Amino acid sequence: MKLRNILAALALTSGPALAQDEMVLLLDWFVNPDHGPIIVAQEKGYFAEQDLSVEVIAPADPSDPPKLVAAGKADLAISYQPQLHLQIHEGLPLQRVGTLVATPLNCLLALTDGPIASPADLAGKKVGFSVGGVEEAVLGAILTHHGLSLDDVELVNVNWSLSPSLMSGQVDAVIGAFRNFELNQMDIEGVDGTCFYVEEEGLPPYDELIYVANRDTMDKDMIARFLAATEKATQYIVNHPEESWEVFAATSAGLQDELNARAWKDTLPRFALRPTAMDAGRYATFETFLHDAGLIPDISPVSTIAIDVTAR
């Protein structure tokens, strides 16, 4: 057999060894700048470099992704640190395996010229939310900080429509609004909003967006490669903010607007530069906070809540 025929035969038989591992990632929301490292990693080929084929899916209901991972329907979901603590105590087999956004984004949002000058003014008012469980817990902590409780407000599930429900007068405030997105959305519409930042209203700092996996079935090696790709993408974003925005925005005409361009700039400094890095004290402090607030029945060890998938 001639040499070129041998090489061709080898090329044909080497295909399976080069097969990529397939992953399913569920987002927390529709695609937006919060997901920059994921989209850039996809577009720049960083997942492929890690022998990964990642299917990214936006949920129909923002409450569903962690539950679907717990049920074995996906490998990873983007979730929120407060939600993870609560769902572990509900019996879901979830663990934090990485961080996407390492600071709080959540805020209690009200109209600047409206009746809510302080969270204390929410007594008897309507508050919109989108993610059940976590946002009631966060709101409850804020209200307690101001001498109120959830019994003093009327909760309204507005699903995706946080800013629109506030601007239309359907509710008096919304919890779960992200300061990098909803504030810009309202400003573009000519409406001034006021954010009451959760970390200034009685909650300890926490990781806003995290990756969660099923603790019983996760593939740590595959997740570690996923996080290596998103870390590389984050470095590219930080080093090349304008070029990375162009890469991100080019994936959908719906992203090519003023709102997403503003949100991109506001989100960039909040991405986790080391997505695998884990601050055990941060998780222990938040678990204790939830317990002291009566939101969880006991305190789980940090090893149950979060892990570093790269640890040996």
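**Aromatic pairs and helix α9**

In this predicted model, the count of aromatic pairs comes to 10. One of them joins W29 and F30, whose rings lie 6.0 Å apart centre to centre with 45° between the planes, a geometry that is classed as tilted. The two partners fall into separate burial classes: W29 has a relative accessibility of 9% and therefore counts as buried, the cut-off for that class being under 20%, whereas F30, at 33%, counts as partly exposed. Ring pairs also bring in F181, so that W29, F30 and F181 are linked into a cluster.

Another aromatic pair is formed by Y80 and F178, which meet edge-to-face, with 6.5 Å between the ring centres and 80° between the planes. This pair links distant parts of the chain, since Y80 sits in the loop between β3 (76-79) and α5 (81-89) while F178 belongs to strand β8 (residues 173-178), 98 residues apart. Y80 and F178 are both buried.

Further along the chain is helix α9, which comprises the 20 residues 220-239. At 1.5 Å a residue α9 should span 28 Å, and because its end C-alpha atoms are 28 Å apart, the expected span and the model agree. At the N-terminal end, α9 is capped by D219, which places a side-chain oxygen 3.2 Å from the backbone nitrogen of D221. Which residues of α9 are buried? They are M222, I223, A224, R225, F226, L227, A229, T230, A233, T234, Y236 and I237.

Notes
Residues numbered from 1 in each chain as written. Predicted model: local features only at pLDDT ≥ 70, side-chain atom pairs only at ≥ 80, totals over all residues. Heavy atoms only, no water. Helix = DSSP H or I, 4+ residues; strand = E, 2+ residues; numbered from the N terminus. Expected span 1.5 Å × (residues − 1). Buried < 20%, exposed > 50% of the residue type's maximum accessible area, 1.4 Å probe, protein only. Polar contact = N/O pair within 3.5 Å; in protein donor to acceptor, adjacent residues only side chain to side chain. Phe/Tyr/Trp six-rings, centres within 6.5 Å; stacked < 30°, edge-to-face > 60°.
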